[in-house]
Amino acid sequence: MMTIGLQRFAEQPKYTEVNPGQDALLVCKVIDKRGVCSWQKDNKPVGIYPKKYEWASQYGIGQTAHVGGDCSLWVRAAQLEFDDGLWECQVTASDFTTQDALTSQPVRLVVRVPPQRPRLEHEGVHVPPGHNVTVDSGAVATVKCVSHYGNPPAQLKWYLGEQEISPIHPQTNSTEPDNPRTWSAASVVQIPANKERHGTVLKCLALHESYSARSVAVEARLDVKYAPTVRMLGAPQIDLEEGKDSLILRCVADANPPASIVWRRAGRSEIASLQESLQLRPVGRRDAGLYTCQAQNSVGTSDTMSVQLDVKYAPKILSAGPDRLTTAPLFSPAAFECVAEGNPTPTYKWVQRISTQGKPFLDRGRESRLVIDNVTYDYQGEYECRATNFINGQERTATSDPIALQVVGAPQVLRTTSGGVAGHSVSVKKGDSATLSLIVCADPRPRHVAWEWGSLRLEAGSGIGRYRVDDVTQDSREDCYLATLHIDDADLQDQRPYYLVVENERGTDRHAISLRVEGMFSVVEPLELSYLLGIAGGCLAAFLILICLCIYAVRARKCCFRNRNNYKTSEKDSEKADLKSRSDSTSVPPLDSIYTTPTGFHHHHHHPHHAAHHPHQNGTPGSPEAMKTMPVLRTFGNHVA
């Protein structure tokens, strides 16, 4: 016996979309189909009409036993008004007892309708294509994208720049009130607005199969308003020199909406400029100062940018003095003052003009004020003040008009030569001519000029023997004169200091210059040679005296030993006589007096001739012969005493 199974769906209809005017197939297949197929749309039965609703299988009608029965339906030339809706596939029961009737899940047949172009709304206001979504920096921009009258509703996507962003919640779809068979799709995004997102493109993309390109987009730029920030361009990197350099400063503002620029200068109430650029052509010292720029728009005001301009300029002498001519007494103080302007602040140098070949100037000071504590004729002459600074590594110098210093007073023999070298000595070879020169300065002019050495004195313009003094001649310096002594055929005896003596109404001065004569023995000065000879003679005399003392001591000891042996203690009278003799002998002059030269006796009342020659009758003092005459000298001495 064969068992018959219950009918059931092999395939139920599915969601289907179709463009207007196209055919749509609603698939419905049944296993063990025994009942009759039918369709419903929106809960209402649909009849079979040729060229409108047709069975997909020609065997679909009247077949009571068809394995894999096909109940699919063709919807021809689909139209929104008639065909769009919920469709169900139904099969009646095999018989009234089996209760196996079938009804499919309702599925939607959609007859597509292309939606309108999507549109953007910001804060409830439509944003036309190509317009901006304006929002303040720091706020949140809420933008809505709406697609109307589409079937099915369009699928909406968001892009910020090239990056896809998510809406705050899934898009909402609702039927249009005036056309319930079409849909309105809406999606909302929220974008935190900041300066970096200004100008970024916000795009809403509507996807729909009925669009020719399958999608339509609408765009708007984010217009983020923010307060200005400024930066400064053109700040000088090198020194700006007055009258030579130009300067263009730019105050560039980053702002939305565009900001207005204001340039100000510190210490002044007026506005320096309202332009982006501040131009100084060329710069002057009055342009130096602190400059600031600031930008302002409807959102706010920028911070202040500043630049310090320092305009350099070369030195300029304002004054040098106190007077063009200053007269100072000799050995008194004098001072000069120099005032100069310049940027950077100049350094000062005082120089004295001199006529020395190869060195026309002599440094005298490094301060603005030159103080000479003790004026001498060396300081007489013209002075210049030099002010110096450096601009971009280049030296700039200003020189004052010359200032004259006139020295008056007693003569002064300069201790240095005109070349600045100490002139204390002159060396010549023996037999050559020697020239000794000194410079003397005096105001008034000297009335007496002479050279002195030893006991000699020669006035200017005179001579004697090998010595000749020139008349004084004018030196290159004012109030200074050259005095010269010539010595012909110089010899060692000319080696000595020579003194120049000068006199005028205010006083005198005297200074020496030494002459060195180089000969065979010139390595030793005369004074040094005599000094060495004296030392040598003294040493020789001391040595001879020592020998004499030694001889005398030996002889005296022998005499005393002989006298001691002849002494007789038993003869009292002889002893008394000997004591008396010894007592008398103590009055004899000391030993040193015995050996002095005869001039030592010139104070006695004896004949000088006798006193002078008596000690030498028997020999020289200190000799053995002299020792033999000692008793005679002693008796002579007692007689004299």
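Colleague: In what order do the five strands of the open sheet stand?

Modeller: This is a predicted model, in which local features need pLDDT of at least 70, side-chain atom pairs count only at pLDDT 80 or more, and totals for chains, interfaces and linings use all residues. Residues are numbered from 1 along each chain as its sequence is written, and side-chain values use heavy atoms, with hydrogens and water left out. Strands (E, at least two residues) and helices (H or I, at least four) are DSSP runs numbered from the N terminus, and two strands pair if DSSP finds at least two bridges between them. The pairing in this open sheet is mixed, and the order is 39-48-47-41-42.

Colleague: Which strands stand at the edges of the sheet?

Modeller: Each edge strand has a single partner, so one side of it is left without a neighbour in the sheet. The two are strand 39 (425–429) and strand 42 (456–459).

Colleague: What is the average twist from one strand to the next?

Modeller: Axes are lines fitted to C-alpha atoms, for helices over the stretch in contact, and angles run from 0 to 180 degrees between N-to-C directions. From one strand to the next, the twist averages 25°.

Colleague: Within the sheet, which residue of strand 48 stands opposite Pro 497?

Modeller: Strand 47 (residues 497–504) and strand 48 (residues 507–518) run antiparallel and are joined by eight bridges. Opposite Pro 497, in strand 48, stands Ser 514.

Colleague: How many disulfides does the model contain?

Modeller: A disulfide is counted where a pair of cysteine sulfur atoms lies within 2.5 Å. With bonded cysteines counted along the chain, the pattern is 1-4, 2-3, 5-6, 7-8, 9-10, 11-12. By this rule, the count is six.

Colleague: How many residues apart in sequence are the parts tied together by Cys 145 and Cys 204?

Modeller: The sulfur atoms of Cys 145 and Cys 204 are 1.8 Å apart, and the torsion about their S-S bond is about -85°, so the disulfide is left-handed. Cys 145 lies in strand 16 (residues 140–150) and Cys 204 in strand 21 (residues 201–207), so the separation of the tied parts is 59 residues.

Colleague: Is Cys 385, bonded to Cys 338, buried or exposed?

Modeller: Cys 338 and Cys 385 form a disulfide with their sulfur atoms 2.0 Å apart. Buried means under 20% relative accessible area, exposed over 50%, and partly exposed in between (1.4 Å probe, protein chains only). Cys 338 has a relative accessible area of 2% and is buried; at 0%, Cys 385 also counts as buried.

Colleague: What is the handedness of the link of Cys 441 and Cys 480?

Modeller: The sulfur atoms of Cys 441 and Cys 480 are 1.9 Å apart, and both residues are buried. With 100° about the S-S bond, their link is right-handed.

Colleague: Why is Cys 548 too far for a bond to Cys 550?

Modeller: Cys 548 counts as partly exposed at 38% relative accessibility, and Cys 550 is partly exposed at 45%. Cys 550 holds the closest cysteine sulfur, yet this is too far from that of Cys 548 for a bond, because the distance is 9.2 Å.

Colleague: Which residues form the nonpolar patch on the surface?

Modeller: Patch residues have over 30% relative accessible area and no salt bridge; like charges are joined within 9 Å, and nonpolar side chains (Val, Leu, Ile, Met, Phe, Trp, Tyr) within 5 Å. A salt bridge is a side-chain nitrogen of Lys or Arg within 4 Å of a carboxyl oxygen of Asp or Glu, and accessible areas come from the Shrake-Rupley method with a 1.4 Å probe, only the protein chains shown counting as cover for residues. One member, Leu 544, lies in helix 2 (residues 526–565) and is partly exposed at 48%. With about 470 Å² of accessible area together, the patch consists of Leu 540, Phe 543, Leu 544, Ile 547 and Ile 551.
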